[in-house]
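Here are my comments on the model you sent round, set out as numbered points. Please read them with the coordinates open.

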Amino acid sequence: MEKPLVVIEDLHVSFRTQTRVVDAVRGVSLVMGKEKIGIVGESGSGKSVTGRALLGLTPPNGRVEAKRLEFDGQDLRGLDAEGWRHLRGRRMAMVMQDPKFSLNPVMTVGRQIAEAYGTHFKAGRAEARDKALAALEAVQIRDPSRVFDLYPHEVSGGMGQRAMIAMMLVAEPDLLIADEPTSALDVTVQMQVLAILDDLVARRGMGLIFVSHDLDLVAAFCDRVLVMYGGRVVETLKASELSAARHPYTRGLLDCVPRLERAQAKLNVLERDPSWLEGA
Amino acid sequence: MILSAKNLTVAFGEMRAVDEAAFTVERGESFGLVGESGSGKSTVLRVLAGLIEDWSGSIAFDGKALGRTRDRAFYSRVQMVFQDPYGSLHPRQTIDSALAEPLAIHKMDRHEQRIEKALEEVGLGSGFRFRYPHQLSGGQRQRVAIARALIVEPEMLLLDEPTSALDVSIQAEVLNLLDALRKAHNLTFVMVSHNLAVVAHMCRRLAVMNRGRIVEEMDRDALRRGEAKDPYTRRLMAASRGYDRKLAESFKTLD
Amino acid sequence: MNASWSQWLLDEAPASRAQARAGAFYRSWLAFRRNPLAMVGLAIVVSLVLVAIFAPLIAPFGPTVQDLDFRLQPPSHRHWFGSDELGRDIFSRVVFGSRITLMIVLLVIVTVAPIGLAVGTLAGYFGGWVDAILMRVTDVFLAFPRLILALAFVAALKPGIENAVLAIALTTWPPYARLARAETLVVRKADYIAAVQAQGASGMRIVLRHIVPMCISSTIVRMTLDMAGIILTAAGLGFLGLGAQPPSPEWGAMISSGRRFVLDQWWVAAMPGIAIFVVSLGFNLLGDGLRDVLDPKRE
């Protein structure tokens, strides 16, 4: 087997608030290569916190502890700001939920992408511009030179998210963490954005961690799925074997979604078992 | 027939957000409006609720034509539930004051009992009564919003994506609650959603909107049997089945 | 504090309206308490209030009692802050002067806050011609330099503390109206305002019960931060002889009369000056702390 891209062993993340300490992630482990991993869970399950811990983006009141936390053989624990700067953006990148909040509103889309390229590679203006145009083209924006000069508020949600992906991919990272990248988009647009992401990951041989609340979507899109509940991974599945999920939480989640092809008088509800919070 | 709209048009400048929409809603039924963002579905609901005053066409509620603004009597019969449970409750007011407000507006009696009963009906105990919204989860807040709408004993509820901000397990609970309340109080629902499956579950009849127009109206059994004729409806149906690489290919880009 | 009290206040499921309100207040207090500078500010402002209330008990002499044998005495055991040109005890005068300062502060608050809030929220919520008229009136008042307008106003009426306060209030409210309007424009678009509209509430009800509470905290913060300026303006008017009239122990007027001896008998002007400085600083620190706690975006 090839050298793993990411090794996480027994990751714990806790947050100190005014009155108490909240354990957001409690012992998550993951070994992944250049594959598509889905992390699924409901709000508060710790799925986003896990993704952010890997990028060193835990807020100051959070505490990250792990037996191992490695990216491409490099230990990420206790990495200093300088070290993170070399990794973040260049070798691992993140796409967030809402492009409106991740793009700088007073800079054109194209300049932001060009600048992202310029910070990671020594490049002249012309070269950075060419790279940015190529990146926009790669995310299937039909008229890259027009979109290059648009400001974020002038593009639609789907286009903004694709521009965001272009910006992340221009540095050719080895790992992309996508945190609900399509939740703010319409279903048809969502589909196209996912297809683009899918192709890019396959073509460039990147690892992808796809954080989402949508079990069906993640299963259709990823190779493996981690199901998180209460800060723990309750089940790890091959995406193709989702229907064979054994954990009652996973089954409950699949079961409570209304489906077009299934008429029900009443939707099934998820009965939460306190024992899920403890070890399996 | 409790509600009918004809030639309903809303223009924001050049753009026609709603373009000659027409539909009717029977008393006691639940009617769905489905579409993606920018389809005009929420605009229709806001016109019905009197939150947008600049529209043309005609709307009749219970046989009477509605004007630009709505009087208090209208709001005692029609109430609305908003999409975002984090934004629709006043951050400085306890649940108690949120529920007391409509009672005061409509000059209703027995506040104590009504508030207690409303909370109980939506599955929140009286322990929630004096909390602030930020102490509640999204699902609990949406239950409060539903209680607030029901406390004036309306005949019709306008539901604007009531579960799209919630986790799926909470969505199931809230949808079941809405369904049960509709039956218990013989309510009429007009529900807006981007999710075909949710609308098909909740509504007997639905209209699909695209770019301000109602492109197709059908009942849910026909939808389930795959009898949708309009290409846009078919595309929505295909997309709602989940990610499919080949399917994505077939969608034209929307830039 | 007693543990059960704190438990009652921090209860996640309060059993009554009063407990909920007290709990919210207590949480803000806990946050406020963590800011030491703000606590210093609070201590100064509380001291000002206490000194004003108990002035007759604290001051060893009356504020206007003259003793010509003890003119212009330096600070000593008998006169802690020294004495002035008429042999009046400066410490006693500063203590009694706190009453005047506090009165100015209170009068300005009760006039400026309601006017500013009302004008701003109404203009912001109703928009259109209501907005145009109210904001143009505001602009007219904003166009005058504050001290000049106050001077003209006091000169036209007659010098005195009440007219000084009125003049200050008249020139202070416009920024509050602007602030409230700006906040209202944001709040007006919120879903919770649409929600009360869809419950059938009238415009006035929405403004009073739903919008004003959202604007109050920023008004309070701005008020405390402005207080230093207001006290200084009042002192400035006093200094120019247009505010409080002698022999009243207003701090600004005291500095004015001590000006003549400032080189040889520095304490006559310096003591009331220090009082003005400390109280202004106190309000500023308090305002900074309140801003952190009351900011609606905090939640």
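1. What share of the contacts in chain C with a separation of 6 or more comes from residues 24 or more positions apart? The figure is 69%, and, as with every value below, it is computed from a predicted model. Chain C is made up of 12 helices and 0 strands, and its C-alpha trace spans about 75 × 55 × 25 Å along the principal axes. Of its 299 residues, 48% count as buried.

2. Within chain C, I looked at C:Ile109, which has its place in helix 5, residues 90-126. Is this residue buried, partly exposed or exposed? C:Ile109 has a relative accessible area of 30% and is therefore classed as partly exposed, since the buried class is kept for values under 20% and the exposed class for values over 50%. Leaving aside residues up to four places away in sequence, C:Ile109 touches C:Pro114, C:Met223 and C:Met227. Its C-alpha lies 34 Å from that of C:Leu86, although the two residues are 23 apart in sequence.

3. Chain A offers a well-defined strand to inspect, namely strand 8, residues 175-179, in which 5 of the 5 residues are buried. In a regular strand the side chains alternate between the two faces of the sheet. Here both faces are covered, with A:Leu175, A:Ile177 and A:Asp179 buried on one side and A:Leu176 and A:Ala178 buried on the other. Strand 8 of chain A runs parallel to strand 7 (residues 92-95) of chain A, to which 4 bridges join it, and A:Ala93 stands opposite A:Leu176 in this pairing. Strand 8 of chain A is also parallel to strand 9 (residues 207-212) of chain A, with 5 bridges between them, and there A:Ala178 stands opposite A:Phe210.

4. Which residues have the most contacts inside the largest nonpolar core? They are A:Ile113, A:Leu176, A:Phe210 and B:Ile146, in a core of 121 residues. Helix 8 (residues 187-204) of chain A gives the most to this core, contributing 10 residues. A second, separate core has 51 residues, among them C:Ile90, C:Ala167, C:Ala169 and C:Met254. To return to A:Leu176, its contacts beyond four places in sequence include A:Ala93, A:Met94 and A:Val95, as well as A:Met168, A:Leu197 and A:Ile209.

5. Strand 3 (residues 30-34) of chain B can be read in a similar way, as 5 of its 5 residues are buried. B:Ser30, B:Gly32 and B:Val34 are buried on one side of the strand, and B:Phe31 and B:Leu33 are buried on the other. Strand 3 of chain B pairs in the parallel sense with strand 8 (residues 188-193) of chain B over 5 bridges, where B:Gly32 has B:Met191 as its bridge partner. Strand 3 of chain B also pairs, again in the parallel sense, with strand 9 (residues 205-210) of chain B over 4 bridges, and B:Leu33 stands opposite B:Ala207 there.

6. Against which elements do the buried residues of helix 10 of chain A pack? The helix covers residues 248-255, and its buried residues are A:Tyr249, A:Thr250, A:Gly252, A:Leu253 and A:Leu254. They pack against helix 9 (215-221), strand 10 (224-229) and strand 11 (232-238) of chain A, and also against helix 6 (168-185) of chain B.

7. Finally, a word on enclosed space: a search of the whole structure finds 5 cavities of 30 Å³ or more, and the largest cavity holds about 60 Å³. Its lining includes B:Ser88, B:His90, B:Glu101 and B:Arg148 from chain B, together with C:Tyr192, C:Val196 and C:His210 from chain C. Helix 3 (95-105) of chain B and helix 9 (191-197) of chain C each supply at least two residues of this lining. By class, the lining of the largest cavity has 4 nonpolar, 4 polar and 2 charged residues.

Definitions and conventions. Residues numbered from 1 in each chain as written. Chains lettered and ligands numbered in written order. Predicted model: local features only at pLDDT ≥ 70, side-chain atom pairs only at ≥ 80, totals over all residues. Heavy atoms only, no water. 1 Å grid on protein atoms, 1.4 Å probe; cavity = no way out; pocket = protein on both sides within 12 Å on 5 of 7 lines; lining within 4 Å. Points joined across faces, edges and corners; volume = space filled by probe spheres on them. Nonpolar A, V, L, I, M, F, W, Y, C, P; charged D, E, K, R; others polar. Buried < 20%, exposed > 50% of the residue type's maximum accessible area, 1.4 Å probe, protein only. Pairing = 2+ DSSP bridges. Contact = heavy atoms within 4.5 Å. Core = buried A, V, L, I, M, F, W, Y, C linked by side-chain atoms within 4.5 Å.
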